[in-house]
Amino acid sequence: MSAPARSNRRLALALLSATLLSTPVVAVAQTAPAPKLEKLADFQHQVTGVTVAEDGRVFVNFPRWTEDSPVSVAELTKAGTLKPYPSEDWNSWRNARKDEMAPAAHWVCVQSVVADGRGHVWVLDAAAPAQSLLVPGGAKLVRIDLATNEIGQTIAFDEKAAPQGSYLNDVRFSADGRHAFITDSGARGALLVVDLESGKAQRVLDGHPSTQVEKGLVVEADGKPLRRPDGRGVEFSADGIALSKDGAHLYWQAIKGKTLYRIPTDTLIDAGLRGEDVSGAVEPFGENGVADGLLIGRDSGMMYVTAPQDDAVKRRDLAAGPSGKPEILVKDERLRWPDTFSEAPDGSIYVTTSRIQDSAFFKPDAPASLPTQLWRISFGE
């Protein structure tokens, strides 16, 4: 190659290199896979709670609402069957035999099951069959050790913590595992703060507007007001509850309500457990609309919200503050009253559909034993 040719070639390569360096790089947008909704199980009874333990075991519970459920707490086996948990005896309570059985040692009317990530499943027994009269001595929070499937601790709630008319609904545990926070969705809403070591429980925000139903709000189902035959609507007080990712705030709201509230957990643990008024620390945190279950993701910090009026699960970015709005994550007509959440070790979200709008409370011709479902929302490919 001659000298002029080599010179021309070097010039061409230099011009090409300069062109490439000056050309902007256009990023190709990556579309996140759409969440997948999958039915995991059908139940012949009305389910409410679900929890997935850190070892992947799944537990569900069936409250005694419109029927005397044959099983209250069960492990959902890999074969898809229900195994009474922790034993047949603990599940042997029957309303018709209440005078013969010890309510402290049996499941009376269980509303929630929650794994704490520390090797335990906790069972919250509201002990108020048909959401009516509370069975004396039955309201309790019970710890079951996963390694042995044995009862490790029972915390009984007296009439100061759970008075007649209460309905203990759901529970979350402090970041250090030393305290529990419980919503009471009964006739007079409240929160309970529990010292798990001593068993001391203190009722706080009893009757406070943040824990009560919102007057004038009408809960709907299938686009119509949801009412009992006598005209009464949905009247559940403080229900959904969630703990922030850093454990610094507790969130809750009433089902018959659209407003989300929060309070610093330090306030509950300190002033609350001492029986002091903590109402000044309550902060409205925007609106979720009518919602039942709440969950804050372990890694994302996003809040998942069940939307029973919309047959949907919504998701809300709490980092947006009180102005943030829940957006639909999945919507499906089969999600009839999505009720309770649990996050599995792989990040998928489990949710029960309790079909409250289809129950005998609101439809007298409905079967006492109402078929319900368990679903999973996954985010992978």
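What follows is a walk through one sheet, a group of salt bridges and a buried acidic residue in a predicted model.

The sheet is open and consists of four strands in the order 6-7-8-9, with antiparallel pairing. Strand 6 (110-115) and strand 9 (150-156) stand at its edges, and because each has a single partner strand, one side of each is left without a neighbour in the sheet. From one strand to the next the twist averages 20°. Strand 6 and strand 7 (residues 120-125) are joined over five bridges in the antiparallel sense, and Ala-115 stands opposite Val-121 in strand 7.

Turning to charged side chains, the count of salt bridges comes to 24. In one of them the side chains of Asp-222 and Arg-336 meet at 2.9 Å, N to O; Asp-222 lies in the loop between strand 14 (220-221) and strand 15 (224-225), and Arg-336 in the loop between strand 23 (327-331) and strand 24 (338-343), so the pair ties together parts that are 114 residues apart in sequence. Asp-358 forms a salt bridge with Lys-363, with the closest N and O atoms 3.0 Å apart, and salt bridges that share partners join Asp-222, Arg-336, Arg-355, Asp-358 and Lys-363 into one network. Within this network Arg-336 counts as buried at 18% relative accessibility, whereas Asp-222 counts as partly exposed at 49%.

Glu-67, found in the loop between strand 3 (58-61) and strand 4 (73-76), is buried yet has no salt bridge, the nearest side chain of opposite charge being that of Arg-64, 8.3 Å away. Instead, a polar contact of 2.8 Å joins the side chains of Glu-67 and His-45.

Note on methods. Residues are numbered from 1 along each chain as its sequence is written. This is a predicted model: local features need pLDDT of at least 70, side-chain atom pairs count only at pLDDT 80 or more; totals for chains, interfaces and linings use all residues. Side-chain values use heavy atoms; hydrogens and water are left out. Helices (H or I, at least four residues) and strands (E, at least two) are DSSP runs, numbered from the N terminus. Buried means under 20% relative accessible area, exposed over 50%, partly exposed in between (1.4 Å probe, protein chains only). Lys and Arg count as positive and Asp and Glu as negative; His and the chain ends are not counted. A salt bridge is a side-chain nitrogen of Lys or Arg within 4 Å of a carboxyl oxygen of Asp or Glu. A polar contact is a pair of N or O atoms within 3.5 Å; within protein, one must be able to donate a hydrogen and the other to accept it, and residues adjacent in sequence count only if both atoms are side-chain atoms. Two strands pair if DSSP finds at least two bridges between them. Axes are lines fitted to C-alpha atoms, for helices over the stretch in contact, and angles run from 0 to 180 degrees between N-to-C directions.
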